[in-house]
Amino acid sequence: MKRKIILGITIFLTLFGILMITSSSSIWAEYKFNNPFKFTMHQSLFAGVGICMMFVVSKIDYKIYYKHANKILLGSIILLILVLIPGIGMVRNGSRSWFGIGSFGIQPSEIAKVALIIFVSKYLSKNERNMDKIVSYSLPILGVIIGVFLLILLEPDFGSGAIIVLSLIVLIFTSNIKVSFFVKLGILGIAGIVGLILVAPYRMARIVAYLNPWSDPLGSGFQIIQSLYAIGPGGLFGLGLGNSIQKHFYLPEPQTDFIFAIISEELGFIGIVILATCYIILFYNVIKLSLCTKDLFGKYLSFGLIIELVLQTLLNLLVVVGLIPVTGVTLPFLSYGGSSLLTCLLMIGIILNIEKQN
């Protein structure tokens with residue numbers, strides 16, 4: 001039963017995402033590409049490939065990732081390095097974070113998410129009893145995480161890097177590690193984030209826009225202002241599917257990170273409640289699965305994967321409603337983006353196999 005719920009909600013969210021991408025992107029796609037279904041066709045292709053991949057991965061024994069965790073992580077690190085090389089990596093929206101052919105692109109940072117969760121899950125399952133030994137066991141794994149984070153930061157892609165670090169910190173926190181160490185780590189982390197903001201002008205602009213979007217309404221504050229203008233008029237039932245006003249060149253590229261704003265505008269509070277319920281049921285069932293899993297590696301792996309999806313969802317929603325600065329994080333299963341969708345479906349495929357095995 002749990003398997004059917006996880007699978008059913010995943011497919012529903014993926015198909016619902018295609019529907020909302022069609023609605024939110026049609027005006028922009030027709031203007032830019034003379035084809036209102038340009039983004040819909042791309043996302044549908046990735047959805048088809050991703051769903052097939054999810055079913056295939058759900059048949060593969062997840063314990064094989066334990067055996068090859070080091071190789072998987074090494075491969076992802078090599079990809080993160082290659083994407084930084086001009087001529088190999090593609091630059092989009094100011095970030096060299098893509099491998100691409102034509103209009104199709106894959107982000108190695110998405111691969112690194114899964115690779116690191118597999119690697120850290122293996123490490124914790126082998127060393128759970130020793131994680132209270134900071135120097136010998138805790139610091140080495142944190143060093144690996146920070147190293148990958150710095151590679152992603154060079155692209156730069158602070159949003160993806162932050163999601164990875166937060167997810168893995170939560171995962172490590174569930175092991176036998178000292179709470180006092182986490183307090184110290186948190187203080188260092190806050191200091192590091194402040195430093196990263198200060199050295200990058202565009203990040204500081206996002207902070208200023210977050211604190212007062214109207215200080216630069218046509219610049220750094222434009223996107224969040226237009227997002228709030230989309231959410232506000234939605235009311236109880238919304239303006240109706242396809243009737244968004246903000247998608248008419250007000251909210252930039254609404255099919256990506258800010259697709260939730262269009263959903264709010266068109267489907268209203270009722271649509272938001274239904275969508276939130278789907279996410280909550282999915283997350284609840286996978287976390288329950290993780291708690292019931294007897295194999296330690298499977299327990300850490302399923303929990304790490306779902307925590308990554310939970311945090312990514314929360315961060316995206318907090319950005320769209322203006323509670324935190326813009327981070328460039330997609331909404332799982334719904335936002336336009338082949339790399340993000342494939343990664344989300346891959347994660348669910350692994351989770352389904354863990355459910356099957358345990």
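**Exercise 1.** In this predicted model, determine whether arginine 3 is buried, partly exposed or exposed, and identify its salt-bridge partner.

*Solution.* The relative accessible area of arginine 3 is 23%. Buried means under 20% and exposed over 50%, so arginine 3 counts as partly exposed. Its partner is glutamate 355, with the closest N and O atoms 3.8 Å apart. This pair links distant parts of the chain, since arginine 3 belongs to helix 1 (residues 2-33) and glutamate 355 to helix 13 (residues 338-357), 352 residues apart.

**Exercise 2.** Work out which helices are tied together by the salt bridge between glutamate 308 and lysine 113, and state whether these residues are buried or exposed.

*Solution.* The closest N and O atoms of glutamate 308 and lysine 113 are 3.4 Å apart. Glutamate 308 lies in helix 12 and lysine 113 in helix 5 (residues 108-127), so the salt bridge ties together parts that are 195 residues apart in sequence. Both residues are buried, and together with Glu110 they are linked in a network of salt bridges.

**Exercise 3.** Check the end-to-end distance of helix 12 (residues 296-320) against its expected span, and decide how far the helix is enclosed.

*Solution.* At 1.5 Å a residue, the 25 residues of helix 12 should span 36 Å, and the distance between its end C-alpha atoms, 36 Å, agrees with this. Of these 25 residues, 20 are buried, so helix 12 is largely enclosed by the rest of the structure. After the helix comes glycine 322, whose phi is positive, near 80°.

Terms used: Residues numbered from 1 in each chain as written. Predicted model: local features only at pLDDT ≥ 70, side-chain atom pairs only at ≥ 80, totals over all residues. Heavy atoms only, no water. Helix = DSSP H or I, 4+ residues; strand = E, 2+ residues; numbered from the N terminus. Expected span 1.5 Å × (residues − 1). Buried < 20%, exposed > 50% of the residue type's maximum accessible area, 1.4 Å probe, protein only. Salt bridge = Lys/Arg side-chain N within 4 Å of Asp/Glu carboxyl O.
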